[in-house]
Amino acid sequence: MATIEEKATPLVDDQIHRTNRASTASLIRPVDSLPQPSANPASSKGGGGVVVMTVRWWSDSSEDGIVEKGVPWWRRSGGGVDGGNRGGRVVVLAMTIGVDVKYLRLPVMLRAQTRHPLDPLTAAEISVAVATVRAAGATPEVRDSMRFIEVALLEPEKPVVALADAYFFPPFQPSLLPRTKGGPIIPTKLPPRQARLVVYNKKSNETSIWVVELSEVHAVTRGGHHRGRVISSNVVPNVQPPMDAVEYAECEAIVKEFPPFREAMKRRGIEDMDLVMVDPWCVGYHSEADAPNRRLAKPLIFCRTESDCPMENGYARPVEGIYVLVDMQNMVVVEFEDRKLVPLPPADPLRNYTPGETRGGVDRSDVKPLQIIQPEGPSFRVDGHFVQWQKWNFRIGFTPREGLVIYSVAYVDGNRGRRPVAHRLSFVEMVVPYGDPNDPHYRKNAFDAGEDGLGKNAHSLKKGCDCLGYIKYFDAHFTNFTGGVETTENCVCLHEEDHGILWKHQDWRTGLAEDGKIEAEVRLTGILSLGALQPGEVRKYGTTIAPGLYAPVHQHFFVARMDMAVDCKPGEAYNQVVEVNIKVEEPGEVNVHNNAFYAEEKLLRCELEAMRDCDPLSARHWIVSFTLYALCVRNTRNVNRTGQLTGFKLVPGRNCLPLAGTEAKFLRRAAFLRHNLWVTPYAHDEMYPGGEFPNQNPRVGEGLATWVKQNRSLEENDIVLWYVFGVTHIPRLEDWPVMPVDHIGFMLMPHGFFNCSPAVDVPPSSCDSDVKDNGNGNENGNGVVVTKPLQNALLAKL
């Protein structure tokens with residue numbers, strides 16, 4: 001498949017475009033000759049559930065490449081008679097300052113750029129940003145009241161990224177920048193990096209957004225340090241920012257100390273508060289009582305048994321009938337009611353998920369080791385956050401809200417050079433609505449990105465469990481609630497995977513099958529959020545899991561935001577979106593055998609036309625293609641050899657739509673769930689489908705549903721795809737005590753992007769040893785050693 005590359009395109013608003021172009025022009029100046037990339041020394045050295053987000057890159061060629069330890073292996077299948085086959089490799093990703101440059105006639109960079117404009121903020125940069133904002137507080141009281149919700153990189157405009165990729169950082173491609181009448185353009189400097197901070201004032205209950213410029217100061221005696229300067233600060237009215245883990249802990253403590261709560265638990269036979277678990281949930285927005293003038297939470301209560309199990313599953317005993325409302329600003333219980341005495345479910349002997357002996361069972365003993373060996377190392381190269389894997393290259397980023405972000409995806413396609421596919425790919429929201437109308441379950445409508453943060457909840461990945469083979473890890477840095485910096489080590493891993501046959505043909509003539517794509521996969525696992533039942537009670541809105549215990553039905557929705565750049569260089573905006581449906585030909589003269597069907601294309605010309613839903617009966621999919629101006633001959637290189645427009649198609653996987661009624665309260669904040677596909681022209685501030693602050697948001701349809709009412713043109717534009725995909729979960733007994741992994745996702749596949757299968761140049765790989773059973777059934781491993789070709793794929797996990 002193609003690589004990810006940075007594309008700088010004109011902004012929709014002409015005034016913004018002129019300002020952006022002027023600011024970019026100030027960073028460059030014409031000279032007589034272009035610098036050679038080799039002369040540029042810049043380089044960088046470098047209950048709840050669990051969701052594993054994975055992006056796979058499918059290789060279409062094999063190149064020797066190496067460097068940092070980081071991805072598993074690829075296996076290729078053996079050949080056939082008078083034919084051939086190739087193993088498909090996959091590379092996998094999994095979740096976790098401008099300096100002046102001066103050129104003489106022969107350009108020499110006197111001061112290397114140390115951080116790419118899209119690199120995640122370092123721990124030092126976060127500390128400086130926090131200290132700069134805190135120092136800007138008007139009074140000591142204001143400074144002491146500051147709570148830091150999020151500190152993230154303020155991503156620059158696309159022309160700045162193009163400038164960095166042209167002269168300062170890999171891929172060192174000067175052709176990314178436009179040429180002027182005065183000759184080639186050479187950068188003089190990159191602008192300083194900037195941090196964007198979301199700050200909550202605990203005393204005033206105000207949320208503000210700050211922008212801090214980060215300047216890198218090189219001091220040899222001190223090893224270098226940073227300094228910051230406040231660029232802007234604005235109070236955002238009528239919003240509540242995401243909750244923080246510190247608030248969760250404080251909320252649990254004050255609820256446990258609340259005398260009426262202790263009395264209610266005593267009525268249920270519980271006096272030891274160490275057994276009680278209080279899980280704060282955002283209240284959402286159901287009425288004016290949930291308005292954001294107060295910072296509110298409605299906790300769910302659970303209670304462990306008095307067992308000696310070191311990993312007691314407390315979520316197996318939900319406490320129902322107790323209503324608690326907590327003011328999270330002042331940390332006080334503002335409403336409390338013991339509405340109904342529901343007996344605690346009896347201790348379920350199958351509730352724990354610890355090793356066999358600690359849960360009264362025995363672990364299986366017939367699992368043999370499975371080892372991934374890459375004797376020559378991985379096939380990818382890593383330079384800072386820039387990744388090259390065979391013909392693909394891209395940048396890895398990370399934000400507290402989205403987690404893994406992939407930038408500048410591009411494919412190096414022989415004499416056609418580096419061809420962009422997408423500028424930015426990420427998951428921007430996850431919504432989990434429950435289908436039980438009973439209290440408290442009807443309020444379970446978590447916005448895991450907007451109310452909490454996918455990145456902030458990412459875990460450290462472990463070799464052998466989350467990642468295999470040669471692995472390159474990336475750490476992630478965050479701010480905590482009080483402004484300190486915390487680091488999640490091994491938050492993202494990069495490795496290669498064996499992904500089966502890439503292509504195979506066995507015939508006495510010639511032929512092949514191709515496979516090249518980008519696959520996005522979400523793996524869902526975790527503990528069910530349960531409810532308690534009265535003796536003899538059965539709920540039709542869930543599944544009885546154990547005596548007195550049931551799991552409500554619910555759905556999981558994910559939103560992928562894909563800022564596309566198919567065959568578009570910076571400054572070009574020539575993408576369009578075409579919907580393809582399969583039609584069955586009516587019986588008649590052209591279909592006398594009654595077997596005909598065909599693909600019918602429909603151009604989606606504007607935003608309101610592009611609110612679309614999946615239709616498996618018609619094999620519906622969508623194509624993002626490169627369009628040409630009729631008279632613009634220079635763009636004919638982006639047509640394939642048959643004259644068709646080059647493109648990539650979005651192929652849906654299993655999917656669903658919300659099963660709630662049209663007036664469901666959570667759809668006020670999640671109107672974007674009403675369709676599987678939305679398409680908008682790129683706008684720098686349109687990042688989150690439900691708006692930036694979905695927590696207690698009273699505004700109906702904020703975000704995507706409001707933006708598309710402008711009905712902006714999608715023809716020959718800078719296109720952003722918003723793909724909404726989900727799964728309906730009807731719990732099973734097999735999902736208890738921990739749900740086995742479920743898989744959902746989608747694919748981006750080349751559609752006329754190449755002139756033929758890009759996989760045909762993948763050579764048969766060197767063979768690895770394999771053991772073939774000799775028929776004796778010997779358990780000691782005696783057998784015949786045979787060889788098996790290897791293939792691989794690149795995977796990144798969060």
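**Figure 1. A nonpolar patch on the surface of a predicted model.** M311, Y353 and V738 together make a nonpolar surface patch of about 250 Å². The structure you are looking at is a predicted model. Where in the chain does V738 lie? V738 sits in the loop that links β34 (719-729) and β35 (739-751). V738 counts as partly exposed because its relative accessibility is 31%, and partly exposed covers the range between the 20% limit for buried and the 50% limit for exposed.

**Figure 2. The whole chain, for orientation.** Before the next close-ups, take a moment to look at the full chain. How many helices and strands does the chain contain? There are 9 helices and 38 strands. Of the 798 residues in the chain, 56% are buried. The accessible surface of the chain is about 34700 Å², and carbon and sulfur atoms account for 52% of this surface.

**Figure 3. An open sheet of 3 strands.** Follow the strands in the order β10-β12-β13 and you have traced an open sheet with antiparallel pairing. Which strands stand at the edges? They are β10 (276-279) and β13 (318-319); each has a single partner strand, so one side of each is left without a neighbour in the sheet. Now zoom in on one pairing: β10 and strand β12 (residues 300-303) run antiparallel and are joined by 4 bridges. To find one of these contacts, start at M277, whose bridge partner in β12 is F302.

**Figure 4. A strand enclosed by the structure.** Is strand β5 (residues 146-153) largely enclosed or left open? 8 of the 8 residues of β5 are buried, so this strand is largely enclosed by the rest of the structure. Its pairing partner here is strand β7 (residues 193-201), with 7 bridges in the antiparallel sense. A good place to begin is A152, which has R196 as its bridge partner in β7.

**Figure 5. Helix α4, mostly covered.** In helix α4 (residues 158-167), 10 of the 10 residues are buried. Among them are K158 and D165, along with V160, V161 and L163. You can also look for P159 and Y167, which are buried too.

**Figure 6. Helix α2 from end to end.** Helix α2 (residues 123-135) has 13 residues. From its first C-alpha to its last, α2 reaches 18 Å, close to the 18 Å expected at 1.5 Å a residue. Which residues of α2 are buried? They are E125, I126, V128, A129, V130, T132 and V133. As you trace the helix, remember that an α-helix has 3.6 residues a turn, so residues three or four places apart point the same way.

Methods:
Residues numbered from 1 in each chain as written. Predicted model: local features only at pLDDT ≥ 70, side-chain atom pairs only at ≥ 80, totals over all residues. Heavy atoms only, no water. Pairing = 2+ DSSP bridges. Helix = DSSP H or I, 4+ residues; strand = E, 2+ residues; numbered from the N terminus. Buried < 20%, exposed > 50% of the residue type's maximum accessible area, 1.4 Å probe, protein only. Areas by Shrake-Rupley, 256 points an atom, 1.4 Å probe, with all protein chains shown as cover. Patch = residues over 30% accessible without salt bridge, like charges linked within 9 Å, V, L, I, M, F, W, Y side chains within 5 Å. Salt bridge = Lys/Arg side-chain N within 4 Å of Asp/Glu carboxyl O. Expected span 1.5 Å × (residues − 1).
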